[in-house]
Amino acid sequence: MLLRLSLPFVGALTSFVCASAIAAPITVTDIAGRQITLDAPAERVILGEGRQIYLLGMLEPDAPLAHVVGWREDFSQADPDNYQRYLERFPEMASIPTFGGFKDGTFDVEQAASLNPDLILMNIEAKAATEDAAYDDKLAELDIPIVYVDFREDPIENTIPSMRLIGQLMSDEAAAKEFITFAEAQLARVTDVIEQADPERPRVFVDRAGGYSDECCMSFGPANFGEYVTLAGGINIADGIIPASFGNLNPEQIIAADPQHVVVTGGSWDAYVPGGDWVGVGPGADQAQAREKLQALTTRTAMTGIDAVETGNVHAIWHQFYNSPYYFVAVQQLAKWFHPELFEDLDPEATLEELHDRFLPIDYQPGYWITLHDE
């Protein structure tokens with residue numbers, strides 16, 4: 001495959017490299033517990049997932065793509081709203097070479113080698129597939145290290161270490177530390193209150209990507225949104241049924257649990273399911289349409305007679321909170337829904353706006369959640 005880099009992209013990359021510090025060997029421990037020695041700061045990086053731009057956008061907001069020489073083609077499909085906003089700010093993004101995935105076996109090692117990367121940043125859930133296909137051995141032979149991070153399998157446990165690790169690799173330790181301080185303080189605004197008040201916890205069903213397919217229902221086990229529910233003062237009805245981070249509940253299990261809140265994760269997924277029943281929340285979302293689609297999901301068999309539907313405590317929230325460093329915003333909004341009396345003064349919208357103003361290269365636009373409850 002012939003790879004072409006636009007002149008603006010090359011110019012941005014060249015100027016950034018020239019301004020960078022001289023690389024020196026460092027040894028880091030990645031999220032998989034592997035010790036890797038490589039030169040830092042890394043100047044040429046392949047992103048194993050395009051949505052890793054969420055983290056680079058915070059660490060290097062003026063030029064988040066300056067070190068990116070290739071990435072997996074998922075950002076434009078999984079989060080087209082933010083993709084367009086980044087593209088408008090950084091048009092050189094369109095020229096970055098794209099890759100297939102490790103998990104589906106479409107990654108091209110020769111293409112990667114031709115870009116002469118210093119490292120490949122890979123999500124931890126791809127590790128088994130990477131080793132099964134011997135991608136790790138092939139890349140090691142080419143002296144291209146893989147560094148594993150995690151914002152999806154166990155984001156509460158691994159987001160902060162992942163941000164700290166990337167800060168080391170990119171010599172952005174100060175920026176990583178500033179974000180970590182902010183994230184921990186924002187999470188504590190919920191967890192400290194829940195710990196002190198010890199409120200009665202409502203039963204919660206998290207409908208992962210509700211409406212994405214006719215099958216019902218995908219959900220979360222004890223990690224990711226399942227843990228967000230726990231931190232926000234709720235009881236995840238899938239805990240004890242789904243052992244891993246992700247899994248499924250059947251309609252009978254949901255009806256029997258009689259959840260008092262239903263939280264649907266949603267996004268704009270026309271690239272995957274054109275015209276699907278998914279709830280299109282996210283930056284700049286059409287709130288009226290999102291509310292209409294959320295209401296339609298309450299007519300499914302799994303929602304029959306449950307408390308959440310009867311009381312209107314059915315909500316939708318941006319799906320990518322499950323796969324980004326912004327997890328604490330989701331926890332705040334969940335807490336606001338579950339315990340409004342405890343969090344009258346908490347404004348998750350203001351938190352997300354501050355996140356954009358202080359750390360991100362794009363402006364904030366509302367639309368990341370919706371509820372059927374009359375507030």
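In this predicted model, strand β8 (residues 203–207) pairs with β12 in the parallel sense, over 4 bridges. One contact can be located by residue: Phe205 has Val262 of β12 as its bridge partner. Strand β12 also pairs with β13; these two run parallel and are joined by 5 bridges. Here Thr265 has Ile317, in β13, as its bridge partner. Strand β12 therefore has pairings with both β8 and β13.

How many of the residues of strand β12 are buried? The strand covers residues 261–266, and 6 of the 6 are buried, so β12 is largely enclosed by the rest of the structure. To read this burial face by face, it helps to recall how a strand is built. In a regular strand, side chains alternate between the two faces of the sheet. On one side of β12 are His261, Val263 and Thr265, and on the other are Val262, Val264 and Gly266. These residues are all buried, and both faces of the strand are covered.

Strand β13 leads on to the aromatic residues, since Trp318 belongs to this strand (residues 314–318). A search of the whole structure finds 26 aromatic pairs. Trp318 and Tyr368 make up one of them: their ring centres are 5.1 Å apart and their planes stand at 85°, so the pair is edge-to-face. The cut-off behind that label is an angle over 60 degrees. A pair of aromatic rings is described by the distance of the centres and the angle of the planes.

Where does Tyr368 lie in the chain? Tyr368 is in the loop between α15 (348–359) and β14 (369–371), 50 residues apart from Trp318, and the pair links distant parts of the chain. Are the two residues buried or exposed? Trp318 has a relative accessible area of 2%, and Tyr368 has a relative accessibility of 3%. Buried means under 20%, so Trp318 counts as buried, and so does Tyr368.

Trp318 and Tyr368 also belong to one aromatic cluster, whose members include Tyr54, Trp71, Phe75, Phe321 and Trp369.

Aromatic rings in this model have charged neighbours as well, as two cases show. The charged end of Arg208 sits over the ring of Phe220, 5.6 Å from the ring centre. Lys293 lies over the face of Trp278, and the distance to that ring centre is 3.9 Å.

Finally, there is a database annotation to place on the chain. An unreviewed UniProt entry lists residues 44–346 as "domain: Fe/B12 periplasmic-binding". Over residues 44–346 the chain is 40% helix and 14% strand. The C-alpha atoms at the ends of this stretch are 41 Å apart.

How values were computed. Residues are numbered from 1 along each chain as its sequence is written. This is a predicted model: local features need pLDDT of at least 70, side-chain atom pairs count only at pLDDT 80 or more; totals for chains, interfaces and linings use all residues. Side-chain values use heavy atoms; hydrogens and water are left out. Rings of Phe, Tyr and Trp (its six-membered ring) pair if their centres lie within 6.5 Å; planes under 30 degrees apart count as stacked, over 60 as edge-to-face and the rest as tilted. Buried means under 20% relative accessible area, exposed over 50%, partly exposed in between (1.4 Å probe, protein chains only). A charge sits over a ring if NZ of Lys or CZ of Arg is within 6 Å of the ring centre and within 35 degrees of the ring normal. Two strands pair if DSSP finds at least two bridges between them. UniProt positions are given in the numbering used here, feature names are shortened, and annotations may be inferred rather than shown by experiment.
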